[in-house]
There are 2 protein chains.
Amino acid sequence: MKALKIKALKIPEATIIRLSVYSRYLDYLVKKGVATVSSGEIAEGVNSSPAQVRKDLAYFGEFGTRGVGYNVQNLHKEILNILGLEQKWGVIIVGGGNLGTALTQYKGFQERGFVIKAIFDNDEDKIGTKLGDIPIYAVSEMEEYISKEKIKMAIVAVPSRYAQEVVNKLVEADIKAIMNFAPRVITVPKEIELRNVDLAVNLEVLTFNLKNKN
Amino acid sequence: MKALKIKALKIPEATIIRLSVYSRYLDYLVKKGVATVSSGEIAEGVNSSPAQVRKDLAYFGEFGTRGVGYNVQNLHKEILNILGLEQKWGVIIVGGGNLGTALTQYKGFQERGFVIKAIFDNDEDKIGTKLGDIPIYAVSEMEEYISKEKIKMAIVAVPSRYAQEVVNKLVEADIKAIMNFAPRVITVPKEIELRNVDLAVNLEVLTFNLKNKN
DNA sequence: CCCCCTTTGTGAGAATTATAACATAATCTC
DNA sequence: GAGATTATGTTATAATTCTCACAAAGGGGG
């Protein structure tokens with residue numbers, strides 16, 4: 001794999017998030033058959049500014065041609081590579097409730113190269129069954145599965161009170177990255193990547209703005 | 001309603017998000033029966049710093065007693081008020097697929113005072129049925145419902161290609177705030193509050209970090 | 001009742017992030 | 001092939017956000 005050139009030690013998380021958004025837009029342009037795109041066009045397509053687009057890309061190298069713009073296919077590939085999406089990622093979901101089930105079926109993950117491999121739950125009625133073609137196993141089997149299948153990423157969609165416990169098990173099983181949906185502060189060793197997605201917080205930002213923006 | 005004192009014109013969104021997190025922690029302390037809490041204890045409880053906690057609160061007023069700390073119940077109420085959560089909010093969900101269905105059942109919304117009132121979908125098989133006690137209606141009935149029930153907030157959980165169209169309908173129906181799950185750039189008039197929740201982006205931040213942090 | 005201890009609220013400084021401006025490089029036209 | 005044009009990559013500037021340090025204020029003990 002080509003080594004990735006990074007010019008700065010610390011890259012703003014906002015930049016990563018925008019790169020992900022650029023990536024989707026480029027994907028759209030690729031499918032549309034567009035060959036070349038400028039920072040201004042990207043900016044327009046994703047509600048940003050040309051300077052921001054160029055700055056974000058500049059953290060990682062020079063991908064464009066002055067006076068011309070960017071080759072869509074090439075830039076698309078470069079950004080996927082930056083994001084680590086040149087490979088598919090096997091992901092497990094812990095928690096087979098409504099949210100876990102919905103995430104299993106969620107097209108948005110598949111489209112980006114994330115493959116849901118298995119669900120882990122403690123409900124006896126669910127264990128051993130399948131959701132579509134995704135098997136549901138007992139949580140007790142999780143550690144072995146992660147190790148055997150070399151799983152690096154897990155999504156935690158269990159009730160809040162069990163979240164830390166589940167995360168501890170995942171850490172024990174040597175998982176590398178966790179996306180947590182439980183609205184609780186979860187602690188992990190610093191070498192583990194953790195990302196909290198709090199759905200209610202998002203609604204609360206909206207209510208705050210409704211109340212306060214004039 | 002007591003007018004909210006805001007000391008700065010612009011409050012960082014990060015502050016709002018943290019307030020929401022503080023709020024959950026205070027909720028936990030209230031239930032635990034704790035009477036008083038310091039900024040340091042809050043910081044510890046939510047993985048932040050005492051200075052950050054105090055700074056965040058300082059945008060909105062003085063809620064503590066020097067040498068003592070904060071009255072848990074009072075601070076909890078104040079923050080709920082800041083976030084606009086002193087009232088319940090009726091919310092509709094557009095899209096009765098896996099995600100929409102899961103969000104309908106999602107306890108995290110109810111716990112924070114959000115009440116899912118109805119689902120809107122175009123699937124003839126679903127229209128007229130109920131999900132738990134939440135009715136599913138046709139999208140064509142949406143505008144009237146929003147107006148009649150005075151709904152201010154909507155969650156969009158439809159396939160990406162329909163998202164803008166649905167959002168346009170919501171805007172037309174005079175909705176005030178939208179939480180969008182479709183990974184597409186959506187445009188709304190500036191007076192409408194829009195928040196995009198992109199689930200895949202969160203996984204991609206993780207893969208980026210896995211690849212690049214060391 | 002005064003002093004000491006604790007913890008808040010805040011102002012100044014540091015760090016981070018975004019915006020703008022410009023110099024450089026590539027293409028195209030004449 | 002030179003100059004005009006266009007759009008990148010980068011440097012400088014501005015804005016935002018966070019961190020730190022301390023003064024102010026309240027409570028408790030002697």
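Two strands are taken to pair if DSSP finds at least two bridges between them. In the predicted model described here, strand 8 (residues 153-156) and strand 9 (residues 177-180) of chain A satisfy this criterion, pairing in the parallel sense over four bridges. Within this pair, Val156(A) has Asn180(A) of strand 9 as its bridge partner. Helix 7 (residues 142-149) of chain A packs on the sheet, where it touches strand 4 (89-94), strand 5 (114-121) and strand 7 (134-138) of chain A. The direction of helix 7 makes about 160 degrees with that of strand 5 of chain A.

The sheet that contains strands 8 and 9 of chain A is open and is formed by seven strands in the order 6-7-5-4-8-9-10, with mixed pairing. Strand 6 (130-131) and strand 10 (193-196) of chain A stand at its edges; each has a single partner strand, so one side of each is left without a neighbour in the sheet.

Chain A also holds an open sheet of three strands, arranged in the order 1-3-2 with antiparallel pairing. Its edges are occupied by strand 1 (36-37) and strand 2 (64-65) of chain A, and because each has a single partner strand, one side of each is left without a neighbour in the sheet. Strand 1 and strand 3 of chain A are joined in the antiparallel sense over two bridges, and Thr36(A) stands opposite Asn71(A) of strand 3. Helix 4 (residues 72-82) of chain A lies across strand 1 and strand 3 of chain A and runs at about 75 degrees to strand 3.

In chain B, helix 1 and helix 4 (residues 72-83) pack at an angle of about 145 degrees, with their axes 9 Å apart. The crossing of these two helices of chain B is left-handed. On the helix 1 side, the residues that meet helix 4 of chain B include Leu19(B), Tyr22(B), Leu26(B), Leu29(B) and Val30(B). On the helix 4 side, Val72(B), Leu75(B), Ile79(B), Leu80(B) and Leu83(B) are among the residues that take part. By class, this contact comprises 11 nonpolar, four polar and one charged residues.

The two protein chains are in contact through 47 residues of chain B and 47 residues of chain A. The elements of chain B that each supply at least two residues to this side are helix 1, helix 2 (39-46), helix 5 (98-105), helix 6 (107-111), strand 9 (177-180), strand 10 (193-196) and helix 9 (199-212). Helix 9 of chain B gives the most, with 14 residues. The side of chain B that touches chain A has 26 nonpolar, 12 polar and nine charged residues.

Chain B is superposed on chain A by a rotation of 180 degrees with 0.0 Å of shift along its axis, at an RMSD of 0.0 Å. The two copies are therefore related as by a two-fold rotation axis. In chain B, the C-alpha nearest this axis belongs to Ala102(B), at 3.1 Å from it. Since 100% of the interface residues of chain B are also interface residues in chain A, the copies meet through the same surface.

Both DNA strands are contacted by residues from the two chains. DNA strand D is surrounded by 29 residues, of which Glu62(A), Gly64(A), Gly67(A), Arg66(B) and Gly67(B) are the closest. At least two residues of the surface near DNA strand D come from each of helix 2 (39-46), helix 3 (50-58) and strand 3 (69-71) of chain A, and from each of helix 1 (13-32) and helix 3 (50-58) of chain B. The largest share, six residues, is provided by helix 3 of chain A. This surface divides into 11 nonpolar, 11 polar and seven charged residues.

DNA strand C is likewise surrounded by 29 residues, the closest being Gly67(A), Ser38(B), Glu62(B), Gly64(B) and Gly67(B). Two or more residues of the surface near DNA strand C are given by helix 1 (13-32) and helix 3 of chain A, together with helix 2, helix 3 and strand 3 (69-71) of chain B. Here the largest share, six residues, comes from helix 3 of chain B. The residues near DNA strand C divide into 11 nonpolar, 11 polar and seven charged.

Methods. Residues numbered from 1 in each chain as written. Chains lettered and ligands numbered in written order. Predicted model: local features only at pLDDT ≥ 70, side-chain atom pairs only at ≥ 80, totals over all residues. Near = placed C-beta within 6 Å. Nonpolar A, V, L, I, M, F, W, Y, C, P; charged D, E, K, R; others polar. Axes fitted to C-alpha atoms, helices over the stretch in contact; angles between N-to-C directions. Left-handed = near helix turned anticlockwise from the far one by under 90°. Contact = placed C-beta atoms within 7 Å. Least-squares fit on C-alpha atoms with pLDDT ≥ 70 in both.
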